[in-house]
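I opened the notebook to look up how charged side chains pair and how strands are arranged. My entries follow the structure shown here.

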Amino acid sequence: MAGKHLRFQGLFQKYFFVLFLAVVIPLATNGISEAWLGYRDQRTRLEQLLGVEARSAGAKIQGFVDGLTNQLGWLVQLPWTEEPDERRRIDSLRLLRQVPAIVSLTLLDGNGRERLYISRIGLNRNESRVNRSADVAVAGARSAGIWYSKVNYYRDSEPYMTIAMSGNRPSVGLVVAEVNLKLIWDVIAAIKFGQTGHAFVLDEQGRLVAHPDISLMLRGTDETTIAPFREILEAARRTGPDVATSRNAEGTDVAVAAAPVTGPDWTVVVEQPLSEAFKPIYAALWRTGWLLIAGAAFAGLLAYVLASRMTQPIHLLEKGTERIGAGQFSHRIDIGTGDELQRLAESFNAMAAGLAESQERQERIAKLKRFLAPQVAELVDRTGDDDVLEGRRTEVVTVFCDLRGFTAFSARATPEEVMYVLSEYYDALGRIITRYAATLTSFSGDGLMLLINAPVSVDEPALRAVDLAVDMQVSVQKLIVGWQERGYRIGFGMGLAMGPATVGRIGYESRFDYTAIGSVVNLAARLCASALDREILADATVAEAVRDRRHVQPVGMRLIKGYDKEFLVYRVAVAERPEAS
Amino acid sequence: MRRRDALAWLGSAAAWTLPVRAQSPAIPVIGYLAPESPGPFDSRLKAFRQGLADAGYVEGRNVEIEYRWAEGRYDRLPALAADLASRQVAVLVASGGAPAALAAKAATKSITIIFEMGGDPVALGVVDSLSRPGGNLTGVSSLSVEVSRKRLEFMHDLRPAVSSFGVAVNPTSPTSGSQVRNLQTAAEALGVRLHVMNASTEGEFEAIFLAATREQAGGIVFTSDPYFAFRSTQLADLCFRYSMPAVTQSRDFPMAGGLMSYGGDFAQSHHRAGSYAGQVLNGEKPSNLPVQLVTKVELAINLKTATALSIAVPSSLISGADTVIE
């Protein structure tokens with residue numbers, strides 16, 4: 001039972017795992033590949049987004065710088081004369097008012113002499129005519145058109161820059177402007193994306209030019225302040241246009257992208273915490289993970305239900321076959337799955353029914369064989385009805401035989417000797433009875449009664465009965481030779497009669513016998529009783545039936561016990577005993 | 001013996017719990033120290049509250065403000081600052097000039113002080129450095145003190161033919177010496193003479209105008225000083241009465257009928273001071289907040305007053321002015 005239980009468990013586990021894996025593997029493959037592709041898509045999107053933000057921030061800062069140079073361009077369009085230029089002074093003052101970032105302006109004529117200096121803080125100078133050709137800014141503007149100084153930090157705090165610009169011809173002179181870069185703050189603080197994404201500007205040395213946190217911006221030269229920004233710049237430079245990851249001043253991992261600002265040679269860096277930038281990615285991954293877990297749970301449930309439904313009928317089949325195997329042919333396996341298993345169960349049921357039928361038949365045959373010749377019994381069984389065994393009146397040949405002197409012998413002989421003799425005797429007779437397909441109705445001790453032509457009709461019943469009798473007599477006589485050598489005085493006589501008799505089964509429950517009732521039976525029995533050793537006596541009907549074909553001679557009229565008239569009795573000739581005669 | 005121990009223990013427990021409750025109130029309290037009365041400070045306070053709101057604080061909702069007004073008597077500032085310090089406010093805002101900042105600095109070494117002033121906080125010894133202020137204070141400085149020479153220049157532009165100008169100085173101001181030196185240098189460059197006049201109380205204002213008139217000064221240049229800045233109305237009235245052109249640091253002056261002003265944008269400086277106070281409430285250390293300099297210096301001109309004074313304002317001045325009152 002434990003083994004069977006284990007086998008059941010094993011099948012269930014197999015089904016369960018196969019079904020589970022069949023659902024989970026495609027699900028997981030799909031989920032993981034989708035997550036991976038989604039991750040890549042998101043990552044690309046993020047890089048694009050950060051790249052766009054970087055370029056946009058770069059464009060805004062570039063716009064701030066270009067706006068300054070555009071404004072300065074107005075001051076270097078008209079040529080200088082030796083006279084003071086009041087118009088240009090007013091223009092400069094207006095420019096100063098218009099552009100708050102410009103702190104001071106110096107206008108130089110074509111010879112590099114200072115013609116005008118105006119400032120928000122210091123005193124203005126008019127026509128000082130100091131030659132400033134040697135200034136770096138002047139030289140730079142003369143060679144490059146527009147010259148940007150490095151960022152310098154006023155009292156280590158506020159970032160300033162000098163922009164110098166020359167006109168398109170020498171006579172219009174140059175303008176040198178001092179710019180307070182703190183005003184970029186308005187621009188840089190307005191650059192926001194995502195939740196905390198922001199931008200900052202570094203100069204070519206990695207010093208902070210602008211940052212949304214003005215506190216950091218005012219400490220742009222402080223090494224400890226700008227060290228993380230330098231690192232970010234390095235990371236951004238290494239990866240080029242792609243998104244880089246680095247760590248910011250707060251120790252947060254950030255995704256960064258950079259864009260250049262041409263002119264002052266700055267870099268605009270946009271920065272977004274990785275946790276925020278990758279939030280959609282992580283959210284998608286979590287979602288996929290949960291879906292996978294839910295899918296796996298569902299698959300498990302499904303697999304459990306399916307495996308149960310598959311193994312239950314198998315279990316039923318197993319139980320059913322066990323019971324059928326144990327002989328309970330009436331057991332029926334009830335499976336309503338509507339598939340091959342149901343068909344299998346139905347065929348099992350059919351098999352059980354067949355087995356029951358077969359067993360019933362076997363039992364019936366066994367019963368029939370008790371009094372019918374085996375081949376007759378088979379025949380009766382094959383035709384499937386035992387109507388032949390029903391009572392009816394028919395023409396039969398009745399054969400009786402018994403041993404002479406057996407009662408006296410059995411009284412003297414030991415049981416072993418009696419059984420030996422009977423064994424040899426029935427062995428010999430049985431073979432002949434079977435060969436002639438005679439019906440053995442009864443035997444008691446040394447006597448037998450046989451029927452020919454019932455229950456199964458045969459051709460020439462009388463002839464067959466005579467041949468049977470002769471064979472039996474010859475066979476027994478051969479045995480008698482052996483017995484007489486042992487000193488047993490035993491003979492063998494037979495009687496045959498033919499006529500109508502009532503044949504059929506008699507008895508109760510399972511104890512049925514097939515027999516014949518009628519005067520022909522009595523006649524045959526009386527003939528046998530009156531027959532001597534080695535004698536076969538037959539009535540006139542038999543003799544008439546085999547006349548000319550077998551050697552039968554009348555032995556005269558005899559009075560038979562139980563009958564009030566004499567009968568003509570015939571003796572069937574038997575070949576002489578080979579040795580004894 | 002035991003009972004005395006228990007009592008002592010109870011007493012110490014009470015003494016221990018009380019200050020704790022006072023130190024960490026549910027709503028933080030800002031101590032606001034100002035040298036004047038609420039009236040002239042109205043526009044400044046508005047800017048200050050906007051700055052606080054930038055950092056997420058709204059007065060009456062998640063922050064309380066304890067005001068201490070010196071009502072123009074600057075000698076009261078140290079006592080008021082000490083009072084605020086003793087109340088253990090979360091942050092002490094000293095606005096309206098160097099005197100308030102210095103008084104606050106003297107009052108506490110532990111409470112964070114946010115100052116708002118016109119002078120150079122390093123030169124005045126308030127902080128060590130602009131980028132790394134150090135200590136417990138930081139704040140905002142407008143450029144008003146530095147640009148007092150520009151006022152002389154504008155006055156000279158306005159009246160180029162005049163060779164002598166009066167300069168009004170508050171001798172009690174810590175920046176008066178440097179401002180006068182600056183002005184003297186500028187006067188030499190411009191080729192004008194200066195007549196320096198002192199006034200540290202309202203009662204002395206009249207004397208300034210009398211002296212300037214007597215000296216036939218072409219106009220009065222007021223040095224940067226909160227005392228002058230917060231009395232723009234009185235000064236404008238005196239100018240009108242004496243028909244005296246004058247320039248001060250505060251925009252309030254031309255608004256009140258004075259001729260001209262040039263100085264740092266106080267709205268900006270107070271706004272930033274409010275923002276810094278909010279950041280300190282949010283837990284920022286003052287040493288991480290660099291001293292901010294206000295970038296905007298504004299020129300305001302009242303053309304009506306100029307017309308009344310029969311002064312033709314040159315177009316260069318008008319074009320450079322941020323505010324022109326017509």
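How many salt bridges does the structure hold over all chains? I found 39 over all chains, a salt bridge being a side-chain nitrogen of Lys or Arg within 4 Å of a carboxyl oxygen of Asp or Glu. I note that this is a predicted model, in which local features need pLDDT of at least 70 and side-chain atom pairs count only at pLDDT 80 or more, while totals for chains, interfaces and linings use all residues. Residues are numbered from 1 along each chain as its sequence is written, chains are lettered from A and ligands numbered from 1 in the order in which they are written, and side-chain values use heavy atoms, with hydrogens and water left out.

I looked up A:Arg550 and saw a salt bridge with A:Asp467, the closest N and O atoms being 2.6 Å apart. The pair links distant parts of the chain, 83 residues apart, with A:Asp467 in helix α13 of chain A and A:Arg550 in the loop between α15 and β20 (helices are DSSP runs of H or I, at least four residues, and strands runs of E, at least two, numbered from the N terminus).

In chain B, I saw B:Glu66 and B:Arg68 form a salt bridge at 3.1 Å. B:Arg68 counts as buried at 14% relative accessibility, whereas B:Glu66 is partly exposed at 23% (buried means under 20% relative accessible area, exposed over 50%, partly exposed in between, with a 1.4 Å probe and protein chains only).

I then turned to strands β10 and β12 of chain B, which run antiparallel and are joined by 5 bridges; B:Gly264 stands opposite B:Val297 in β12(B).

Terms used
Two strands pair if DSSP finds at least two bridges between them.
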